[in-house]
Amino acid sequence: GVVGYNASSTVSNSYNTGDVTSTYTGTYAYVGGVAGYNYNSTVTNSYNTGSVTGSGSYVGGIVGYNYSSSTVTNSYNIGSVTGSSFNVGGVVGWNYVQSTVNNSYNIGNVTGSSSVGGVVGNNQMASTVNNSYNIGNVTGSGSYVGGVVGYNYYSIVTNSYNIGSVTGVSVVGGVVGYSGSSSTVSNSYNTGTVTGSSYVGGVVGQNSSSTVLNCYYGGGCASSVGGINSADVDGQAEYLGTITTDAKTLSWYSSTSGNWNATYPWDFTYVWALDSSVNDGYPHFKEITVTYHSNFGDDETIEKAYYASSVDILSSDTFTREHYEIASWNTNQTGTGTSYTPGETYQIATDINLYAQWQGVLYNITLNHGNGNTNNVFYVRFDTGFYSDSGATTEITSITSFMSLPTMNGYSFGGYYTGENGEGYQVIDEEGNIVVSNTFFTGNTTIYAYWEANVPAYYDDAGGYWYIEYGKMPQTKVTDSGVINALNGDSTLTDS
């Protein structure tokens, strides 16, 4: 819907509202409401509301194929997702090789054949689904169908839930259809109905050599054994099963209640919250609001909601101010409170106000020596100071602190100017001192060395004449009487 193939790049703050359809009937269709194929890349703060349909496999409400350390975060899908084959998910079709789906959810109905999930169809090879949920109905015409993940192999599903109905033929689970090979499903639950003919579970349909921990199911399950599956259980299962209305109270989740493994407690500080008006009183992801203040001029503000308390702090260009950028955000207007770095992710438990802390933009100043030697660069931060390094850590008042003054045979160095041949304003004097203020530069700039020609003069006793050599020019006999008179009193002419 936004990008077909996203490689080593980022898609952020984007959305699609149109229907996305692929008629390709081969295996690898790669169809997504936002991105079809996401390789070593990130999709964040994005959503899709249109229907997504693929005649092949790898179909997702946000991303069809999320591959190779890729991330989908803070994103959601509302439209229906339909795939004719396998790996179909409300958010991601296939999440593969150390990839992550985080803080994302699906509301639309999801339909496919096998490996069909409300959030992710197939989650494999050290990949993770975290802080995510599904509300839509999930239907698979084959096996490996799950409310959150259809097929989970050597990967992790944690802090997730499903409240939509889940229907499949074989290996059908309220949270995960199949979980195998050292995988983990933890701190998650399902309250939707689960229906299938074999290997059907309120939490996991089939658990094979994986760990299911601190999970539960409510609602109706057509068939379930121990809250996991309807057949053999050869994995590890602890602290899971059916729930009662007690699960709508905070005390039920305490480490001393006996309901949970205390090593992996449910986090009601940052991740989870209880509210009788949400999810029928069962846990939902905590939501907080961060209000960002420009802290300049009319103090423009932006309010942004986050859930599961995972806050991606807004970037340094959130607000604009000429020649300035946001260095950090702070809970105090004067910068004396808690500081947060733009673009970083933090866990924040309560609603907060953050105020922009401004600093001047760092500009490059290039020295054009004009003598054939390599140019040098120093730096100026607008309204702050001059620096010898790009990190703006070593402040300077003269270029001699990091370089020698330039030289050129037959000339004297006369400083650097904004124009060539001494035109414009002098920026650096002949001794290397910076003689302009740090607000002089309003962008990356090149300044030019000014060279004053030396004028040596000497007297030829034999010939009885004065000679001068102007720069690199040949010797010239002096015939002007005024110059001769001047030389008789001084053996060197000035450039005038």
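Me: How much area does the protein expose, and what share of it do carbon and sulfur atoms supply?
Reply: This is a predicted model, where local features need pLDDT of at least 70, side-chain atom pairs count only at pLDDT 80 or more, and totals for chains, interfaces and linings use all residues. Residues are numbered from 1 along each chain as its sequence is written, and side-chain values use heavy atoms, without hydrogens and water. Accessible areas come from the Shrake-Rupley method with a 1.4 Å probe, and for residues only the protein chains shown count as cover. The protein exposes about 21100 Å², and the carbon and sulfur share is 43%.

Me: How many helices and strands are there in the protein?
Reply: Both are DSSP runs, numbered from the N terminus: helices are H or I with at least four residues, strands E with at least two. The protein has one helix and 55 strands.

Me: Is Ser155 buried or exposed?
Reply: Ser155 sits in the loop between strand 25 (149-153) and strand 26 (156-162). Buried means under 20% relative accessible area, exposed over 50%, partly exposed in between (1.4 Å probe, protein chains only). Ser155 has a relative accessible area of 2%, so Ser155 is buried.

Me: Which strand holds Tyr355?
Reply: Tyr355 counts as buried, because its relative accessibility is 16%. Its place is in residues 352-360, which form strand 45.

Me: How far apart in space are Tyr355 and Thr291, C-alpha to C-alpha?
Reply: In sequence, Tyr355 and Thr291 are 64 residues apart. In space, their C-alpha to C-alpha distance is 8.5 Å.
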